[in-house]
Each structure stands twice: as structure tokens, then as C-alpha cells.
Amino acid sequence: MRIRVAGISEDSIVDGPGLRLTVFLQGCPHHCKGCHNPETWDPTGGTLMDTRDIVAMIDKNPLLDGITLSGGEPFMQSTQCYVLALLAHSRGLNVWCYTGYTWETIEGTLDICPLSLIREVDVLVEGPFIESQRTLELPWRGSKNQRLIDVRKSLREGYAVEYDTKG
Ligand code: SF4
């Protein structure tokens with residue numbers, strides 16, 4: 001399956017816990033003021049790849065703890081990201097996903113999209129980057145409005161449950 005990426009980090013230690021392969025998706029509709037990656041906004045930019053090539057990168061690193069889908073906006077290529085997340089889970093890896101959408105917006109699409117990417121995500125780092133709330137103090141987030149959502153617990157409880165960073 002073809003996937004448009006802005007880049008891939010095969011050994012990230014900053015996009016979630018442990019050692020991760022991070023896929024930066026190309027294309028973002030949010031255009032947050034102060035975004036650090038505006039080159040990822042153009043949905044026709046970046047590089048076209050095959051999801052099988054990304055899975056091959058995952059398979060060649062036995063030390064990975066998980067994968068992270070980042071952006072750009074992963075939900076613009078949710079089918080491709082769903083496939084990557086499914087294959088990562090089948091290999092025992094955890095899946096983190098960044099999005100400029102809020103949990104409530106994504107959760108509201110579940111009925112119309114039952115195979116949504118969100119069902120294969122463990123932790124969602126959600127919400128747009130808001131420059132006036134920029135922080136360097138919160139792990140894995142750029143601004144204070146963004147939340148780390150424990151997706152499985154949130155789907156079970158029916159409301160946003162924040163991920164416990166202390167484990
Ligand atoms: S969602 Fe992320 S990539 Fe998109 S504009 Fe906002 S900060 Fe930039």
C-alpha cells in the first residue's frame with residue numbers, strides 16, 4: 001500500500017517511551033501557528049513509499065519497543081497507518097500516534113468508521129499545537145493543551161482517560 005511520508009526515524013527516543021521507529025506522515029490540514037514542521041503540510045509533498053518497506057525496517061530492528069505515527073497528520077492517511085499499527089501490534093510492539101485532532105473529534109467518527117486507526121493505537125497524543133501554551137516541561141508534548149490519551153481505557157470508559165506517564 002502506498003503511503004506518503006515526510007521522513008522516518010528508525011531509532012527515536014523522543015517520540016514516546018523506549019526505542020521507537022517513528023513515521024512522519026506527509027500532509028497536515030491544521031496549520032498550527034508556530035508548527036516546527038511546516039514542510040509536512042503539503043499533502044502532495046514528501047516521498048511516496050510502500051508500507052511493506054516500512055514493515056521491513058521494523059523487522060530489522062529487534063530492539064524496538066514500539067512505533068510512533070507522527071506528522072503531519074496521521075489521520076489523513078488513516079488506512080495506511082491502520083495497517084502499520086496492526087502489523088506492529090502483531091509483532092508485540094506498542095503504537096503511539098500524534099494528531100492535531102482532539103480525542104472527542106476522533107472518538108465521534110468511530111460509528112461511521114469502525115476500522116478506524118484509533119482502534120489500533122495505544123496512546124494518542126492529541127490536540128493542535130498552541131503557541132501561547134508552548135511548554136518544554138511536559139513529556140512528549142509541545143503545548144499544555146495537548147493530552148496523552150490511554151485509548152483502550154478511554155474506549156472502555158466512554159470518556160478521555162489520560163495515560164499514566166509513571167506506568
Ligand atoms: S498538527 Fe502538528 S504538524 Fe500539523 S500544523 Fe499542527 S503542529 Fe504542525
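**Stop 1: Trp 140**

Select Trp 140 and you land in the loop between strand 6 and strand 7. Keep in mind as you look around that this is a predicted model. Check the backbone here: phi of Trp 140 is near 70 degrees, a positive value in a residue that is not glycine. Why stop for that? Most residues other than glycine have a negative phi. Is the side of the chain you have selected buried or exposed, or something in between? With a relative accessible area of 24%, Trp 140 is partly exposed.

**Stop 2: the aromatic pairs**

How many aromatic pairs does a search of the whole structure find? The search finds two. For one of them, keep Trp 140 selected and add Trp 96: these two rings form an edge-to-face pair, 4.9 Å centre to centre, with 75 degrees between the planes. Trp 96 belongs to strand 5 (residues 94-98), while Trp 140 is in the loop after strand 6 (123-126) and before strand 7 (147-150), so the pair ties together parts that are 44 residues apart in sequence. Try showing the surface now: Trp 96 counts as buried, at 2% relative accessibility.

Next, add Tyr 163. The ring centres of Trp 96 and Tyr 163 are 5.4 Å apart and their planes are at 80 degrees, so this pair is edge-to-face. Here, too, distant parts of the chain are linked: Trp 96 is in strand 5, and Tyr 163 is in the segment after helix 4 (151-157), 67 residues apart. Tyr 163 is partly exposed, with a relative accessible area of 26%. With the three residues selected together, you can see the cluster that ring pairs make of Trp 96, Trp 140 and Tyr 163.

**Stop 3: Ile 67**

Trp 96 leads us to the next stop, as it is among the residues that Ile 67 touches. Select Ile 67, which is found in strand 4. At 1% relative accessibility, Ile 67 counts as buried. Leaving aside residues up to four places away in sequence, its contacts include Arg 20, Leu 21, Ile 58, Leu 84, Ala 85 and Val 95. Now draw a distance from Ile 67 to Thr 22: their C-alpha atoms are 5.7 Å apart in space, although the two residues are 45 apart in sequence.

**Stop 4: Ser 70**

Stay in strand 4 (residues 66-70) and move along to Ser 70. Ser 70 is buried, with a relative accessible area of 8%. Which residues does Ser 70 touch, not counting those up to four places away in sequence? They are Thr 22, Val 23, Phe 24, Leu 25 and Tyr 98.

**Stop 5: Gly 71 and Gly 72**

Now select Gly 71 and Gly 72 and look at the peptide bond joining them: the bond is cis, with omega about -10 degrees. For comparison, most peptide bonds are trans. Gly 72 lies in the loop between strand 4 and helix 2 (78-90).

**Stop 6: the ligand**

Gly 72 is also one of the residues around the ligand. Select the ligand and show its neighbours: Cys 28, His 30, His 31, Cys 32, Cys 35, Thr 40, Trp 41, Gly 72, Gly 100 and Phe 129. Try colouring this shell by class, and you get five nonpolar, five polar and no charged residues. The space that the ligand takes is the largest pocket.

**Stop 7: His 31**

From that shell, pick His 31, found in the loop between strand 2 (20-25) and strand 3 (47-50). Its phi is near 50 degrees, a positive value in a residue other than glycine. His 31 is partly exposed, with a relative accessible area of 45%.

**Stop 8: Tyr 159**

For the last stop, select Tyr 159 in the segment after helix 4. Tyr 159 counts as partly exposed, at 49% relative accessibility; the exposed class begins over 50%. Not counting residues up to four places away in sequence, Tyr 159 touches Trp 103 and Ser 154. To finish, draw a distance between the C-alpha atoms of Tyr 159 and Trp 103: they are separated by 9.0 Å, with their positions 56 residues apart along the chain.

How values were computed:
Residues are numbered from 1 along each chain as its sequence is written. This is a predicted model: local features need pLDDT of at least 70, side-chain atom pairs count only at pLDDT 80 or more; totals for chains, interfaces and linings use all residues. Side-chain values use heavy atoms; hydrogens and water are left out. A residue is near a molecule or strand if one of its heavy atoms lies within 4 Å of it. On a 1 Å grid over the protein atoms alone, a cavity is a set of points where a 1.4 Å probe fits but cannot get out, and a pocket is an open set with protein on both sides within 12 Å along at least five of seven lines; lining residues have an atom within 4 Å of a point. A molecule sits in a cavity or pocket if more than half of its atoms lie within 2 Å of its grid points. Ala, Val, Leu, Ile, Met, Phe, Trp, Tyr, Cys and Pro count as nonpolar, Asp, Glu, Lys and Arg as charged, and the others, Gly among them, as polar. Rings of Phe, Tyr and Trp (its six-membered ring) pair if their centres lie within 6.5 Å; planes under 30 degrees apart count as stacked, over 60 as edge-to-face and the rest as tilted. Helices (H or I, at least four residues) and strands (E, at least two) are DSSP runs, numbered from the N terminus. Buried means under 20% relative accessible area, exposed over 50%, partly exposed in between (1.4 Å probe, protein chains only). Contact means heavy atoms within 4.5 Å.
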